[in-house]
Amino acid sequence: MMRILITGIFLFVVFFAAVQVSERTVQAGEKGDYTSPEMWKGAGGAGKGVYMMNCVPCHGENGQGDGPLAYDFPEGQKPRNHTDGKYMATKADKDLFKAVNEGGEAVGRSSGMPAFKGLLSDKEIKDVVAYLRELCKCNYTGK
Ligand code: HEC
């Protein structure tokens, strides 16, 4: 009797969890827009969505500068490794904002880094800069 009861409770819990998961999937599917930063909320914040959509081809999924297009860039001008905390700590948020907004040349780097002005809103760029800080696990130290 006890066993049946425990099995019953177990099955109920599994069923309940399955319903929860499928409901969530339906909600995401209904929105249907996987390119919306909203989709990524809770999975690294809105900045992660911006990053996944715009930066991964060059900077790579994990931000290590190893995206599929990285190989097209000459040595010394490869997409930045955003997990390099030592380098990233030398850049203030406003420097990173400028690099993304106006492109590499605006911050004395190569034009391989495109300008996202007009493509991304200021808010999206701020969000993605916040995400860069997550990738580098660093803050601006000035050095
Ligand atoms: C077409 C490829 C490409 C894309 C797309 C791209 N980048 Fe870059 N990025 C580069 C390259 C190449 C560099 C290195 C430039 C250099 O060092 O001369 C770079 C450098 C940077 C830097 C460092 C600037 C500095 O001061 O050293 C930041 C920050 C950056 N990218 C952020 C981003 C973000 C955020 C996105 C997405 C919104 C993005 N990049 C999309 C190619 C790209």
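A residue counts as buried when its relative accessible area is under 20%. By that criterion, 29% of the 143 residues of the protein chain are buried. The model is a predicted one. Its protein chain holds six helices and zero strands. Read from the N terminus, the order of elements is α-α-α-α-α-α. Contacts between residues at least 6 apart in sequence were also examined, and 41% of them join residues at least 24 apart.

The iron site comes next. Two residues of the chain, His-59 and Met-113, coordinate the iron atom of the ligand. His-59 does so through NE2 and Met-113 through SD, at 2.0 to 2.1 Å. These two residues come from distant parts of the chain, 54 residues apart. His-59 belongs to helix H3, which covers residues 56-59. Met-113 sits in the loop between helix H5 (93-102) and helix H6 (122-136). The iron atom has six donor atoms, and the angles among them run from 87 to 179 degrees. The site is octahedral. For six octahedral donors the ideal angles are 90 or 180 degrees. The two coordinating residues fall into separate accessibility classes. His-59 has a relative accessible area of 9%, so this residue is buried. Met-113 reaches 21% and therefore counts as partly exposed, since buried requires a value under 20%.

Helix H6 is described next. H6 has 15 residues. From its first C-alpha to its last, H6 reaches 21 Å, close to the 21 Å expected at 1.5 Å a residue. Its buried residues are Ile-125, Asp-127, Val-128, Val-129, Tyr-131, Leu-132, Arg-133, Leu-135 and Cys-136. They pack against H2, H5 and helix H4 (85-88). In an α-helix there are 3.6 residues a turn, so residues three or four places apart point the same way. H2 has buried residues as well, namely Ala-46, Gly-47, Gly-49, Val-50 and Tyr-51. Those of H2 pack against H3 and H6.

An aromatic pair also involves H2 and H6. A search of the whole structure returned one such pair. The partners are Tyr-51 and Tyr-131, with ring centres 5.3 Å apart. Their planes meet at 55 degrees, so the pair is tilted. The pair links distant parts of the chain: Tyr-51 lies in helix H2 (residues 46-54) and Tyr-131 in helix H6, 80 residues apart. Both partners are buried, Tyr-51 at 0% relative accessibility and Tyr-131 at 7%.

Helix H5 contains Asn-101. The relative accessible area of Asn-101 is 9%, so this residue is buried. Residues up to four places away in sequence aside, Asn-101 touches Ala-115, Phe-116, Lys-117 and Ile-125. Ile-125 is itself one of the buried residues of H6.

The loop between H5 and H6 also holds Arg-109. This residue is partly exposed, with a relative accessible area of 39%. Apart from neighbours within four places in sequence, Arg-109 contacts Arg-80, Tyr-87 and Gly-104. Two of these partners are related to each other: Arg-80 lies over the face of Tyr-87, at 4.2 Å from the ring centre. Arg-109 and Gln-77 are 32 residues apart along the chain, and their C-alpha atoms are separated by 8.1 Å.

The segment after H6 was examined last. Lys-137 is located there. Just after H6, this residue takes a positive phi of about 50 degrees. Most residues other than glycine have a negative phi. Lys-137 is exposed, with a relative accessible area of 76%. Asn-139 is found in that segment too. At 58% relative accessibility, Asn-139 also counts as exposed. Within four places in sequence, neighbours were set aside; beyond them, Asn-139 is in contact with Ala-89 and Arg-133. Arg-133 appears among the buried residues of H6. Asn-139 and Lys-91 are 48 residues apart in sequence, while their C-alpha atoms lie 8.5 Å apart in space.

Definitions and conventions
Residues are numbered from 1 along each chain as its sequence is written. This is a predicted model: local features need pLDDT of at least 70, side-chain atom pairs count only at pLDDT 80 or more; totals for chains, interfaces and linings use all residues. Side-chain values use heavy atoms; hydrogens and water are left out. Donors are N, O and S atoms within 2.8 Å of the metal (3.2 Å for Na, K and Ca); water is not among the atoms, so sites may look incomplete. Four donors count as tetrahedral if all angles lie between 85 and 135 degrees; four count as square planar and six as octahedral if opposite donors are over 155 degrees apart and all others between 65 and 115; anything else is irregular. Helices (H or I, at least four residues) and strands (E, at least two) are DSSP runs, numbered from the N terminus. Buried means under 20% relative accessible area, exposed over 50%, partly exposed in between (1.4 Å probe, protein chains only). Rings of Phe, Tyr and Trp (its six-membered ring) pair if their centres lie within 6.5 Å; planes under 30 degrees apart count as stacked, over 60 as edge-to-face and the rest as tilted. A charge sits over a ring if NZ of Lys or CZ of Arg is within 6 Å of the ring centre and within 35 degrees of the ring normal. Contact means heavy atoms within 4.5 Å. The expected span of a helix is 1.5 Å times one less than its number of residues.
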